Amino acid sequence: MHTALRHVNTLTFDNRYARLPPAFYRKLDPTPLAAPYLVSVSDDAAALLDLDPAETRSERFLDMLAGNLVPPGAEPLAMLYAGHQFGTFVPQLGDGRAILLGEIVNAKHERWTLQLKGAGETPFSRTADGRAVLRSTIREYLCSEAMHALGIPTTRALGIAGADETVYRETSETAAVLLRLAPSHVRFGSFEVFYHRREHEYLKQLADHVIEAHFPHFAGTSDCYERFLIEVVERTARLIAQWQAVGFCHGVMNTDNMSILGLTLDYGPFGFMEAFNPGHICNHSDEQGRYSYENQPYIGLWNCSRLAQALTPLIPAEQCNAALARYEGVFMEKHAVLMRAKFGLVQAMEGDDALVSDLLALLAEHGTDYTIFFRALGRFNAQQGADNDAVRDLMVNRAAFDAWLARYSARLAAESGNDADRCMRMDAVNPKYVLRNHLAQIAIDKATRQRDFSEIDRLLKLLQRPFDEQPEHEAYAAPPPDWAKGIEVSCSS
Ligand code: AMP
Ligand code: MG
């Protein structure tokens, strides 16, 4: 079927969230950004809206990205929500700088809700300025599209508009707006706000909206709220298993940053773990390490418990507990499947858990780069006397690692298959390229100092094929240079 390509003026909107009662949001237009310039656009994301590729280079498109043009049919609004931030309940947050433009239906009848991040003050801005800095929009933009290419559920990013407007964080920076896409931007905190206010009718309306819009197969059943909660719990468990397997640390797993659809949401001080360390904390502002790598699975469950609590007016406590009880099993199962695949193992066998955890202990002891190690392990040759120095050189304690490799060889021999096939399987799950902080930083420095956005586009293309060997970009797979040790990412964005 030939799909009619769309322009900004011909997008089809059907704004279901905007039809909820006014208590759920505040309608308002984005604040215009003076003299915007296009920083980058993801053609893959544009295709989700059937946008004509030529349109994405137009003035009109740039104006939409910048918040200067509200496309016909859009109904801009800031969403209300609350949230537990670092364990403490904050009764009212809401979109302090994000503006939902509306919900688009594409030719395949898929629905994408467009949201501007950094589009100016809203009634929920509290004391902040409603803006986002170019630095943080570049990180979110690249990581959203990179996570999608890794097969990890995430919000998508359509593009960035920048401007000379000054924004003050630790230093003065410039403003930018990110346009992101998701089937829904509803968060755990969207439910928490109505539970806290004892507005149970709104709570029910929100649940009905989410079920009808995103889980229509539950609609009309007597236990629809319970099934909805189970679905969110299980999606969250599987999402975090995927984060753990790829070494992704979110950094700010507050309940207002948890998607009701199990998407990775709100990229701030995230990071891909480099030197393996279970206690790794990627967010410089997280002094206690609440959101450390090894805590993420527990925090995922804790956050689901806050959602379950918020849903207690709709679901009997016993059923809430039963839904939460599913988290651990779903997480463990998904994590085991993903880790087996990372090691190239096809069947599950006794002793696999120890094989995996003993290897992770060696990685931690040596501070070996997580991504580089698994890519190299794919090239391990199980033949007697084969040259495996490429992977052995990643470990300092050769004797301990050789002992582990002997166990691994024996384990591989216990299932049929050959090294070449295993390498192919492993390459399909162990990325060669991830968004390392220093790679993002190089792109940010070029963009902010020279207004040169070419590195952003280069990284975007590279990360859209994270599992492919891209020999011309070998340097992008290298461990971080010494200067990268000084990069600190914090909540400031
Ligand atoms: P975050 O830590 O980015 O998830 O944001 C937490 C809350 O603070 C959300 O309600 C945001 O909308 C709000 N917020 C963060 N930065 C700003 C800003 N520069 N202006 C207004 N609100 C903000
Ligand atoms: Mg947030």
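Q: Which residues lie nearest the centre of the largest cavity?
A: In this predicted model, they are Y17, L100, E103, T113 and H209, among the 17 residues that line the largest cavity.

Q: What makes this space a cavity rather than a pocket?
A: A cavity is a set of points where a 1.4 Å probe fits but cannot get out, whereas a pocket is an open set. The largest cavity holds about 130 Å³ of space, and the count comes to three cavities of 30 Å³ or more.

Q: Why is the approach of G96 to ligand 1 called a polar contact?
A: A backbone N or O atom of G96 lies 2.7 Å from an oxygen atom of ligand 1. The cut-off for a pair of N or O atoms is 3.5 Å, so this pair counts.

Q: How do you know that R126 makes a polar contact too?
A: One of its polar side-chain atoms lies 3.1 Å from an oxygen atom of ligand 1, and that distance is within 3.5 Å, so the pair qualifies. Taken alone, ligand 1 exposes 480 Å², and the protein buries 82% of that.

Q: What makes N257 and D266 donors to the magnesium ion, ligand 2?
A: N257 (OD1) and D266 (OD) coordinate the ion at 2.0 to 2.1 Å. Donors must lie within 2.8 Å of this metal, so both qualify.

Q: Are N257 and D266 buried or exposed?
A: Both are buried, which means that each has under 20% relative accessible area.

Terms used:
Residues are numbered from 1 along each chain as its sequence is written. Chains are lettered from A and ligands numbered from 1 in the order in which they are written. This is a predicted model: local features need pLDDT of at least 70, side-chain atom pairs count only at pLDDT 80 or more; totals for chains, interfaces and linings use all residues. Side-chain values use heavy atoms; hydrogens and water are left out. A polar contact is a pair of N or O atoms within 3.5 Å; within protein, one must be able to donate a hydrogen and the other to accept it, and residues adjacent in sequence count only if both atoms are side-chain atoms. Accessible areas come from the Shrake-Rupley method with a 1.4 Å probe; for residues, only the protein chains shown count as cover. Donors are N, O and S atoms within 2.8 Å of the metal (3.2 Å for Na, K and Ca); water is not among the atoms, so sites may look incomplete. Buried means under 20% relative accessible area, exposed over 50%, partly exposed in between (1.4 Å probe, protein chains only). On a 1 Å grid over the protein atoms alone, a cavity is a set of points where a 1.4 Å probe fits but cannot get out, and a pocket is an open set with protein on both sides within 12 Å along at least five of seven lines; lining residues have an atom within 4 Å of a point. Grid points are joined across faces, edges and corners, and a volume is the space filled by probe spheres set on the points.
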